[in-house]
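Colleague: Please pick one part of this model and take me through it slowly. I'd like to know what packs against what, and where there is empty space.

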Amino acid sequence: MSRTALRICPLCEATCGLTLTIEGTEVTGARGDRDDVFSKGFICPKGASFGAVDGDPDRLRTPLVREDGELREATWEEAFDAVAAGIRPVVERYGPNSVGVVLGNPNVHTMAGALYPPVLLAGLGTHSVFTASTVDQMPKHVSSGLLYGDALAIPVPDLDHTDHLLLIGANPLESNGSLCTAPDFPGKLKALKARGGTLTVIDPRRTRTAKLADRHIAIRPGTDALLLAAMAYTLFDEGLVDPGELTPHLQGLDELPDAVRDFTPEAAADACDVDAGAIRVLARELAAAPTAAVYGRIGSCTVPHGTLASWLVDVLNVLTGNLDRPGGALFPQAATDKTPRPAGPGRGFALGRWHSRVSEHPEAKGELPLSALAEEIDTATEQGEPIRAVIAVATNPVLSAPDGDRLDKALGSLDFMVSVDPYLNETSRHAHVVLPPPPPSQSPHHDFAFNALAVRNQVRYTRPAVPLEPGRMAETEILARLTLAATGMHGADPSAVDDLVIGQTLGKAVKEPHSPVHGQDPHELAARLTGVSGPERRLDMMLRLGPYGDGFGVRPDGLSLEKLLAHPHGIDLGPLASRLPQPLKTASGKVELLPRPLADDLPRLRAALRERADGLVLIGRRHLRSNNSWMHNVPALTGGSNRCTLHIHPDDAERLGVRDGADVRLKGAGGEVTAPAEVTDVVRPGVVSLPHGWGHDRPGTRLGHAAADPGVNVNQLLDGSLLDPLSGNAVLNGVPVEVAPVAEKITPLT
């Protein structure tokens, strides 16, 4: 007999509400939840394929433990015994930094991934931390940290109300949005145009988003910061700067004209391959719009000046008075945010508190560049021990990081590795222990990170739609037990992790004068928490202490887990609103427009005015029915246009003798790959495009469908040496490559 259950989709950042159809314990269908307060019934192909993702027969169902070189099925007890026996001796002999922790993108899509890795990292005390952020959005975190004092204070465009939206390096019709949580992003862009607004897209490709735009600027890859700096110059040069009500909250506004004085549209035009007049028009239109927002994403982050580009996005919003005002770019307020503190100076944001051992890359937000993981394992120096053990949670860096071949070998040399992953993939195949979480239908869901980036304030929570299958373990318990095993508390009850966090959080809250529970007994407060599990009790605590919370009775109409459960389609908390200066945590208590690290990086950008790219450069691309390497094992999500082909412009194809559909060889600094050519004018001349996350052809995996059509690993073309120096983010776009038909020999790169 079939039934329905609600579930928030965990397959991309849009976080749409789903209504699942369930037969027994199998998800047989998924449709949009029309009553969801946020997504209102919207669904994309990924969400519609929830059942296929959930029921993939290649998902691991029991732990695997390596014995005599081979992985065998094991009990959970055996698996965690092996973790403790593998990790603790490494820590005790070589120190905590000899254990590397690698966290993948899916962690921000699960409750477990949000709640437990911070406890693991604190318990281990390792500085060897690597995440997907440094092949994605770390430049935005760094620029926000420097501007606002908080790396997580990221303003998002007010899509529902803006009159003018400028997108740079973003393709939300394919990605569904990124660092901007917006169900039905395509519909919001169409609504913008329908109400008379303007959409401008800056992208080397004529993407689906660019085709919808009023104006598409096909910029030369990697020159985003130059274009944005030239727009800022124009605003000053033409007297168009008007921060308005922002002015009292700004520090360094008078220093900006001198900082951007060399970036005239005429100086930037040749480097960007954008007419100087067009640059001036972009700036004038931005300043003239009643409300406007500039939004930059991965295309503007994964380039040599990614942090400067991310900074300039916000600078343009400031200069036009569009930061922190409706219709511009606003700071969301999530229900689980900490109790808002009074406005005033904070501790600020620091970079480079420690450095990587081999190349001495500075940390950013507590993380080292994922590009440096291989050398931190395989290279001996006098600066400390190499990484000898790795804890990998929901990550596949062999495909997502530069030079996967080197990392593949490095992972194979470790003393010990544990991987939390539902698949035996290109990375987890090296693990000594694999801990498989259950499918998403068997897990609860609340979006901690994405609600802090949402275009409307709201809160939703769904309990598991399907009971936990016998023999499986909840992902929250897996990560709790992993934390205990890795930090010397193996065998303790996993609830100890939740109790520890609750005790620490409430103990701190009662000491804070601005907290609603100031002066109360933390033990008494803990006893009042509700929920059927430790994670639910932690969610209840965060809701009650949060900006909309009941404050444990101080605000009777406020939020709690009990109230949220009574609203299964979520609770609408209203549109985004102006919040400055409260979110600021800078030492000055103001928006610091020209922080020293950014000012010191501007000479490098000035030098780029004189640089010219010869030959072809590579960019990536997104597919609507994919999310990095996650979903290539699901047949419904790998057909049609979701293919690993090389987009090449007809002019370049003719010059190189490349035929549509024929195999071509690409060579970069890190190696070469062979892929079929797709001759198309959606890319500008001089640019080729290959999607990220493919290359499922390594032995020892259990990805039957993905292996049948593996594609190629675009990141193998990179050697990992190209990084944005401030953030440590890998340069994935605008990198030189050579292309030739497979029958021809490629000359070495010079």
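**A helix and its neighbours**

Modeller: Let's start with a crossing: where H10 passes H12, the crossing is left-handed (the near helix is turned anticlockwise from the far one by less than a right angle). Before we go on, this is a predicted model, so local features need pLDDT of at least 70 and side-chain atom pairs need 80 or more, while totals for chains, interfaces and linings use all residues. Numbering starts from 1 along each chain as its sequence is written, and side-chain values use heavy atoms, without hydrogens or water.

Now look at the pair. The axes (lines fitted to C-alpha atoms over the stretch in contact) of H10 and H12, residues 265–272, come within 9 Å and cross at roughly 160 degrees. That makes H10 roughly antiparallel to H12 (over 145 degrees). On the H10 side, Leu226, Leu227, Ala230, Tyr233 and Thr234 are in contact (heavy atoms within 4.5 Å) with Pro265, Ala268, Ala271 and Cys272 of H12. Sort those contact residues by class and you get 8 nonpolar (Ala, Val, Leu, Ile, Met, Phe, Trp, Tyr, Cys or Pro), 1 polar and no charged (Asp, Glu, Lys or Arg).

H10 has another partner to look at. H10 covers residues 224–237 and H15 covers residues 306–319 (helices are DSSP runs of H or I, at least four residues). The axes of H10 and H15 come within 9 Å, and their crossing angle is roughly 25 degrees. H10 and H15 are therefore roughly parallel to each other (under 35 degrees). The crossing of H10 and H15 is left-handed. H10 brings Asp224, Ala225, Leu228, Ala229, Met231, Ala232, Leu235 and Phe236 to the meeting. From H15 come Leu308, Ala309, Leu312, Val313, Leu316 and Leu319. In this contact of H10 with H15, 13 residues are nonpolar, none is polar and 1 is charged.

Follow H15 a bit further and you reach some empty space. A search of the whole structure finds 6 cavities (grid points, 1 Å apart, where a 1.4 Å probe fits but cannot get out) of 30 Å³ or more. The second largest cavity holds about 100 Å³ (space filled by probe spheres). H15 supplies at least two residues of the lining (an atom within 4 Å of a point), as do strand E8 (156–157) and strand E13 (293–296). The second largest cavity has 14 lining residues in total, and Lys140, Ile154, Pro155, Tyr295 and Gly296 lie nearest its centre. Its lining comes out as 9 nonpolar, 2 polar and 3 charged residues.

There's an open space worth a look too. The second largest pocket (open, with protein on both sides within 12 Å along at least five of seven lines) has about 500 Å³ of space. Its lining takes in 23 residues, and the closest to the centre are Gly222, Pro304, Glu611, Ala613 and Gly734. Two elements give two or more residues to this lining: helix H25 (596–608) and strand E26 (735–741). H25 gives the largest share, 3 residues. By class, the pocket lining divides into 13 nonpolar, 5 polar and 5 charged residues.

So, back to the helix you began with: H10 is roughly antiparallel to H12 and roughly parallel to H15.

Terms used:
Axes are lines fitted to C-alpha atoms, for helices over the stretch in contact, and angles run from 0 to 180 degrees between N-to-C directions. Angles under 35 degrees count as roughly parallel, over 145 as roughly antiparallel, 65 to 115 as roughly perpendicular and the rest as oblique.
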